[in-house]
Amino acid sequence: MKQIILTFLFLLLFLPNKALFAQEKLIPPPLRLDIPFEAAWSGILLTLMEHEFEILSQDRGQGSILSSFREYSSGPLTESHISKIGETPKLVDGEWIRVQYQYEILVELIGERETVLIVYTNIEALKREFLGTEDWIKIETNGKLETELLTQFGKSLFGEAFNLPEPKKGYRDKDPVFL
């Protein structure tokens with residue numbers, strides 16, 4: 001009987017933590033490149049153009065690029081599509097109609113042949129309430145879109161064998177050790 005209770009308590013305490021690990025955000029860290037600023041700047045612009053993103057603004061001095069919004073999904077499956085790229089807030093009084101995203105990119109000069117590339121994604125979803133009002137709601141990203149863009153950029157610059165480096169685990173990210 002004691003073993004059953006201990007097993008139950010273990011499952012009760014351990015399973016919610018495992019569920020949290022499964023939903024962990026995997027936002028890629030800044031990509032450090034051993035290439036000049038000019039090559040990184042041209043490469044990311046080319047990658048965006050190849051994937052038919054319109055550039056709303058670019059400031060070479062600041063190293064910033066802002067793309068236009070692109071529709072990711074619309075229709076009855078929008079909620080499940082939102083969960084692929086971000087954290088879907090639960091709706092009680094409406095439904096998700098459309099989801100769109102835009103990239104904010106920073107290209108930072110570190111040294112003569114060293115550049116850092118940072119990608120942020122702004123995701124927003126259109127919520128329609130049952131009374132007919134519509135609002136755009138900001139969605140937290142899970143890192144999928146950022147990873148895709150950085151991988152496409154790396155492959156265009158370094159070839160098809162390019163893979164994003166795995167982030168190093170910090171103290172809190174290490175797997176638990178059971179004794």
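A crossing of two helices is right-handed if the near helix is turned clockwise from the far one by less than a right angle. In this predicted model, helix 2 passes helix 4 in such a right-handed crossing. The points below cover that crossing, a strand hairpin and the largest nonpolar core.

**Helix 2 and helix 4**
- The axes of helix 2 (residues 37–50) and helix 4 (residues 144–158) come within 9 Å and cross at roughly 115°.
- On the side of helix 2, the contact is formed by Ala-39, Ala-40, Gly-43, Ile-44, Thr-47 and Leu-48.
- Helix 4 contributes Leu-149, Gln-152, Phe-153, Ser-156 and Leu-157.
- Seven of the residues in this contact are nonpolar and four are polar, while none is charged.

**The hairpin of strand 2 and strand 3**
- Strand 2 (residues 55–59) and strand 3 (residues 64–67) run antiparallel and are joined by four bridges.
- Gln-58 has Ile-65 of strand 3 as its bridge partner.
- Four residues lie between the two strands of the hairpin, in which Gly-63 adopts a positive phi near 75°.

**The largest nonpolar core**
- This core holds 29 residues, of which Ile-44, Tyr-103, Ile-105, Val-107 and Leu-117 touch the most other members.
- Two or more residues each come from strand 1 (31–33), helix 2, helix 3 (78–85), strand 6 (94–111), strand 7 (114–129) and helix 4.
- Leaving aside residues up to four places away in sequence, Leu-117 touches Pro-30, Leu-31, Leu-33, Ile-44, Ile-105, Leu-106, Val-107, Leu-150 and Phe-153.
- Ile-44 and Phe-153, both touched by Leu-117, also take part in the contact between helix 2 and helix 4.

Methods. Residues numbered from 1 in each chain as written. Predicted model: local features only at pLDDT ≥ 70, side-chain atom pairs only at ≥ 80, totals over all residues. Heavy atoms only, no water. Axes fitted to C-alpha atoms, helices over the stretch in contact; angles between N-to-C directions. Contact = heavy atoms within 4.5 Å. Nonpolar A, V, L, I, M, F, W, Y, C, P; charged D, E, K, R; others polar. Pairing = 2+ DSSP bridges. Core = buried A, V, L, I, M, F, W, Y, C linked by side-chain atoms within 4.5 Å. Buried < 20%, exposed > 50% of the residue type's maximum accessible area, 1.4 Å probe, protein only.
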